[in-house]
Amino acid sequence: VVPECEKSSATTYYWYREALDITNNISEGGGLNWKMTVCLLAAWSMVCLAMIKGIQSSGKVMYFSSLFPYLVLICFLARALLLKGSIDGIRHMFTPKLEIMLEAKVWREAATQVFFALGLGFGGVIAFSSYNKRDNNCHFDAVLVSFINFFTSVLATLVVFAVLGFKANIMNSKCAVQGTGLAFIAFTEAMTHFPASPFWSVMFFLMLINLGLGSMFGTIEGILTPLIDMFKVRKEFLTVGCCVLAFSIGLLFVQRSGNYFVTMFDDYAATLPLLIVVILENVAIAWFYGIDKFLEDLKDMLGFTPYRFYYYMWKYITPILLLVLLCSSFIQLTMTPPSYSAWIQEEAIEKILHFPPWGIAVCISLVVMAMMPVPVVFCLRYFNIIDDNTGGLSTVSYKKGRVIKESPRPEDDDDASLIHGKTPSEVPSPMPGKSIYRKQSGSGGTEVDTAPNGRYGIGYLMADIPDMPESDL
């Protein structure tokens, strides 16, 4: 009998010793875990292959990676409801604990969960939406996706609490787990008591793989799309380079102490900075770009004026609530020393340990580095250190229907090269199927589709009316 296994449960022992082979604390590196390194390489290889052709390949893969988890969750829910004690777990789920709702950490993690689930602040939503047509009903999409996300969260939580209710009825387990422990210890341990448990285990972990890959597709798309559009590099080379770099960084997490770094990054690189980024995005649109101008843009796209409710939410209520949440989170973090849950091999228990001084420095660096690009790029543009002509990128300015400036690179083969600084009457006729011109409502101009890659989804309006208001352009 292995003492570590005897003192803990079989599932806990397998997770910490066989799967992670974890060290006693974050300061002990312990070298790479070769099994997890191979898995990391396989995962990034799948991401690279799915993304190498851009939206054409990732979009098709997303159909499967998005729909398969729903199938598994529904099957799990149906099976879990037939288990003894599942109703107890669901009853516990819907029993409110008001004292917990007064903690800032709960609200911060809830906000982070929403940001993660909806992809807010990562750039993935912006990247995918750039492929939409100009008149796409983004209002309907936003409402639909929000409701689907809400019901998905409820569905997943029902499954988890039904299974945990079953586990609580068959095992007198007093330890509460969260994060990776919930999926790989508590949920897995409960599944070992299912009838036909190997089948449910395989389905569960296939679902986890799909969820992970689906999240990565959106995240990588948010990185690749702006880089490809700005620097006109081949997406194949950039995709491979990005995945190789990400794999290299990921080696930090597959060493024997890697799970502690996962906790560190999850707590300090993915929660607080994400909240700050979303606040900056909100303030930039509502106060710097102008909420009235933004609503006019939406009216032009949607064909109707958005509800006035959004005006007050975007300009006042949302930024104030997010700032209050941010301030309370900062206060809580300063009052609570950064810590992590470590697995002590000799005692076969988890202990809360404080990060060493270098670990605290890394935590602070993670928060600062994640939000630094915003003020840095702002300062560079404000003081004209960089501009839109950097690297010979194409710049187009319009005023009253005339092209003021256009400087495309000679090697560009996209539709922007159709325009060469000429007045509307001198612009050549659009090529069939590839034009970026659109029809002005109420005019007799030619109406064709916008560019299929979405980068010119708003379209260029070449008007023959010399005194047309700029707002119509």
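In the predicted model, D21 forms a salt bridge with R17, and the closest N and O atoms are 3.0 Å apart. D21 is partly exposed, at 29% relative accessibility. R17 has a second acidic partner. The side chains of R17 and E4 also meet in a salt bridge, with an N to O distance of 3.0 Å. This second pair links distant parts of the chain. R17 belongs to helix α2, residues 10-19. E4 belongs to helix α1, residues 3-7. The two residues are 13 apart in sequence. R17 counts as buried because its relative accessibility is 10%, under the 20% cut-off. E4 counts as buried as well, at 6% relative accessibility. The E4 and R17 pair therefore joins two buried side chains, whereas D21 is partly exposed.

A further salt bridge lies in helix α5. The side chains of R91 and D88 meet there at 3.0 Å, N to O. Both residues sit in α5, which covers residues 86-93. They are 3 residues apart, about one turn of the helix. D88 is partly exposed, with a relative accessibility of 38%. Elsewhere, salt bridges that share partners join E4, R17, D21 and R256 into one network. The count for the model comes to 7 salt bridges.

The overall fold contains 16 helices and 4 strands. The protein has 473 residues, of which 36% count as buried. Contacts were considered between residues at least 6 apart in sequence. Of these contacts, 66% join residues at least 24 apart. The protein exposes about 27,600 Å². Carbon and sulfur atoms supply 68% of that area.

Part of the surface forms a nonpolar patch of about 880 Å². Its residues are W287, F288, Y312, Y316, I317, I320, L321 and V324. Two elements give two or more residues to the patch: α13 (272-302) and α14 (308-335). Helix α14 gives the most, with 6 residues. F288 lies in helix α13. F288 counts as exposed because its relative accessibility is 67%, over the 50% cut-off.

The unreviewed UniProt entry places the feature "transmembrane region" at residues 61-82, 110-131, 143-164, 202-225, 237-256, 268-291, 312-335 and 355-380. Two of these annotated spans were examined for secondary structure and length. Residues 143-164 are 100% helix and 0% strand. The end C-alpha atoms of this span lie 32 Å apart. Residues 355-380 are 88% helix and 0% strand. Here the end C-alpha atoms are 35 Å apart.

Helix α8 runs over residues 138-170 and has 33 residues. It reaches 48 Å from its first C-alpha to its last. This is close to the 48 Å expected at 1.5 Å a residue. The buried residues of α8 are H139, N149, L155, L158, V159, V160, A162, V163, G165, F166 and K167.

Backbone geometry sets two alanines apart for comment. Phi of A196 is near 60 degrees, a positive value in a residue other than glycine. A196 lies in the loop between α9 (180-191) and α10 (197-231). A196 is exposed, with a relative accessible area of 53%. Phi of A348 is near 55 degrees, again a positive value in a residue other than glycine. A348 is placed in the loop between β1 (339-344) and β2 (349-354). A348 is buried, because its relative accessible area is 4%. The two loop alanines thus contrast in exposure: A196 is exposed, whereas A348 is buried.

Technical notes
Residues are numbered from 1 along each chain as its sequence is written. This is a predicted model: local features need pLDDT of at least 70, side-chain atom pairs count only at pLDDT 80 or more; totals for chains, interfaces and linings use all residues. Side-chain values use heavy atoms; hydrogens and water are left out. Buried means under 20% relative accessible area, exposed over 50%, partly exposed in between (1.4 Å probe, protein chains only). Contact means heavy atoms within 4.5 Å. Accessible areas come from the Shrake-Rupley method with a 1.4 Å probe; for residues, only the protein chains shown count as cover. Patches are made of residues with over 30% relative accessible area and no salt bridge: like charges are joined within 9 Å, nonpolar side chains (Val, Leu, Ile, Met, Phe, Trp, Tyr) within 5 Å. A salt bridge is a side-chain nitrogen of Lys or Arg within 4 Å of a carboxyl oxygen of Asp or Glu. UniProt positions are given in the numbering used here, feature names are shortened, and annotations may be inferred rather than shown by experiment. The expected span of a helix is 1.5 Å times one less than its number of residues.
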